[in-house]
Amino acid sequence: MLREPFPLVEDSFSRLPSQSNIYGLCQAGKQELLAATLKGKVLCFRYQELQHKVRPVAKEVQFTYIPVDAEIVSIDAFNKSLPKRGLVVGITFIKDSGDKATPFLNIYCDYEPGSEFNLESIAQSCLNLELQFTPFQLYHTEVQFAEGSNETVFLLSGHDQRIHLYKENTSLHQFEEQPVEKLFPELQQLPSNVLWLDMLTVAGSRRLSVFGCQNGCVGLALVDQTSPEVLQSWCVQFDSPVSTVQLFPLSSQPEASRLGADKRVGMEGYNLLVTSTIEMAVVYRDVQERGLSWPTCLSESDQWDAVLCALVIDLDFDGEKEVLLGTYGQELLCYKFQPAESGQDGQFQLQWRRSFKSPLLSLIYLDLTGDGLRELAVLTLKGLHILQHSLTSTADLVLERLAQKVSELAVSYELESAKALSSEEDDASAQATPT
């Protein structure tokens, strides 16, 4: 039985010229999305002010060195770590020449001052790398070095049972492949082809890394980034290919790494969501302390075909995160953690589900309109849906929170006033008492 109605409204739908896949959507900058199609097209989706109204605009970006017969496999983008500046876009594709299919990785980055974030200019500045393996997920993560500097790099999984690292050579103004064990010792000697990868920086210059494999293996590691050295590692085996893995704190409070203090996030630290193509989705709780020994299944998550994508966000603004699952069975599912009652363990319960007209491939939560309220982007086999929060219910929530804050401040002011008055009376009494 569903506990809540669907809280979002659909604002727009943009049809794609051909279908995409689970690696075909990424955020580019703060307010733009890039959607890649299997037939070599890349669309940039943004909101623009047109005729005094903010409207969605989908426009094809002409990235160079992508042949007309190319099939795009994956796309990713990131802003360079400070003090560097610029947007970097990576696209993997397979060129079918008839007798032979050749895979490539194109990395786009413009070093011309003033053009570092101009997508049209970036699309013309390409480094073309021929690959010796079929690419899968293209992922980026920020690496912390011992001297205190940070750098964002690309990690690319492939059918050769390896993860490939691409790092910028600043002096040559280009990206180069480097041995992955140099920065990521946890990604050596993988048990199978990695389909999904996720990483999270935690307190003490440490990193949690997790990968999900084609053979159902899930590997988790706690790494000291300054060495770098694997401090602990865990492994669990599923009976079907792992479609996504995602690390997250259950609470929406600021993460320990951002606080600069060695304290845990929420009551249970960091958790791990694992989805596979046949079995129920599972959340492993408090993985930094308990590894993979505390699983909680998301009931009914296997009832709508394979789960292809997942996202963990605070959708109802209550400070606790919800788990969103997108399925091949055309359903978007939302689960919320219900705390334990006496003598029982806490569980994730299905709050609501929403049907679409084609399988769901990817989910991203970002502020497209620039109004401070994020939208949910849902990539399906047929196109891109943009779902928005109801402005009426959000405004009601803001007024409710403001009224609550005013009430708390009023009570606090009364208490402080009472204390000050009591202190003054005590002082006056002391002065009036004869010595």
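The questions and answers below concern a predicted model of one protein chain.

Q: How many helices and strands are there in the protein chain?
A: The model is predicted, and the count rests on its backbone as assigned from the coordinates. The protein chain holds four helices and 28 strands.

Q: Which radius of gyration does the protein chain have, and what does the globule rule give for 435 residues?
A: The C-alpha trace spans about 105 × 55 × 55 Å along its principal axes. The protein chain is as compact as a globular protein of its length, because its radius of gyration is close to what the globule rule gives for 435 residues. The two values are 25 Å for the protein chain and 22 Å for the rule.

Q: What percentage of the residues in the protein chain is buried, and what share of the exposed area do carbon and sulfur atoms supply?
A: The protein chain has 435 residues, of which buried ones make up 51%. The area that the protein chain exposes is about 21200 Å², and the part of it supplied by carbon and sulfur atoms is 49%.

Q: How far apart are the mean positions of the positive and negative charges of the protein chain?
A: The protein chain carries 34 positive and 58 negative charges. Taking the mean position of each set, the separation between the two is 5 Å.

Q: Which residues touch the most other members of the largest nonpolar core, and which strand gives the most to this core?
A: The largest nonpolar core has 24 residues, and Val218, Leu272, Tyr284 and Val287 touch the most other members. Strands E14 (194-202), E15 (206-213), E16 (217-224), E17 (229-237), E18 (242-249), E19 (270-276) and E20 (282-284) each supply at least two residues of this core. Apart from it lies another core, of 22 residues, which includes Cys26, Ile75, Ile122 and Ala123. With four residues, the strand that gives the most to the largest core is E14.

Q: Which residues does Tyr284 touch, not counting residues up to four places away in sequence?
A: In soluble globular proteins, nonpolar side chains tend to be buried together. Tyr284 is one of the members that touch the most others in the largest nonpolar core. Leaving out residues up to four places away in sequence, its contacts are Val236, Phe238, Asn271, Leu272, Val274, Leu292, Trp294 and Pro295.

Q: Is Gln388 buried or exposed, and what is its C-alpha distance to Asp11?
A: Gln388 lies in strand E28 (residues 383-389), and it counts as buried because its relative accessibility of 18% is under the 20% cut-off. Not counting residues up to four places away in sequence, Gln388 touches Leu8, Val9, Asp11, Tyr47, Thr369 and Glu375. Gln388 and Asp11 are 377 residues apart in sequence, whereas their C-alpha to C-alpha distance is 6.3 Å.

Q: What distance separates the C-alpha atoms of Ser74 and Ile91?
A: Ser74 is found in strand E6 and is buried, with a relative accessible area of 1%. Its contacts, not counting residues up to four places away in sequence, are Tyr23, Gly90, Ile91, Thr92, Phe136, Gln137 and Leu138. Ser74 and Ile91 are 17 residues apart along the chain, and their C-alpha atoms are separated by 5.9 Å.

Q: Where are Pro83 and Pro228, and what is omega for the peptide bonds from Leu82 to Pro83 and from Ser227 to Pro228?
A: Pro83 is placed in the loop between strand E6 (70-79) and strand E7 (87-96), while Pro228 is found in the loop between E16 and E17. Both bonds are cis: for Leu82 to Pro83 omega is near 10°, and for Ser227 to Pro228 omega is near -15°.

Q: Which phi values do Asp286 and Asp305 have, and is each buried or partly exposed?
A: Most residues other than glycine have a negative phi. Asp286, in the loop between E20 and helix H3 (287-290), has a positive phi of about 50°, and Asp305, in the loop between strand E21 (295-297) and strand E22 (307-313), has a positive phi near 70°. With relative accessible areas of 7% and 48%, Asp286 is buried and Asp305 is partly exposed.

Notes:
Residues are numbered from 1 along each chain as its sequence is written. This is a predicted model: local features need pLDDT of at least 70, side-chain atom pairs count only at pLDDT 80 or more; totals for chains, interfaces and linings use all residues. Side-chain values use heavy atoms; hydrogens and water are left out. A nonpolar core is a set of buried Ala, Val, Leu, Ile, Met, Phe, Trp, Tyr and Cys residues joined through side-chain atoms within 4.5 Å. Buried means under 20% relative accessible area, exposed over 50%, partly exposed in between (1.4 Å probe, protein chains only). Contact means heavy atoms within 4.5 Å. The radius of gyration is taken over C-alpha atoms; the globule rule is 2.2 Å times the number of residues to the power 0.38. Accessible areas come from the Shrake-Rupley method with a 1.4 Å probe; for residues, only the protein chains shown count as cover. Lys and Arg count as positive and Asp and Glu as negative; His and the chain ends are not counted. The place of a charge is taken as NZ of Lys, CZ of Arg, CG of Asp or CD of Glu.
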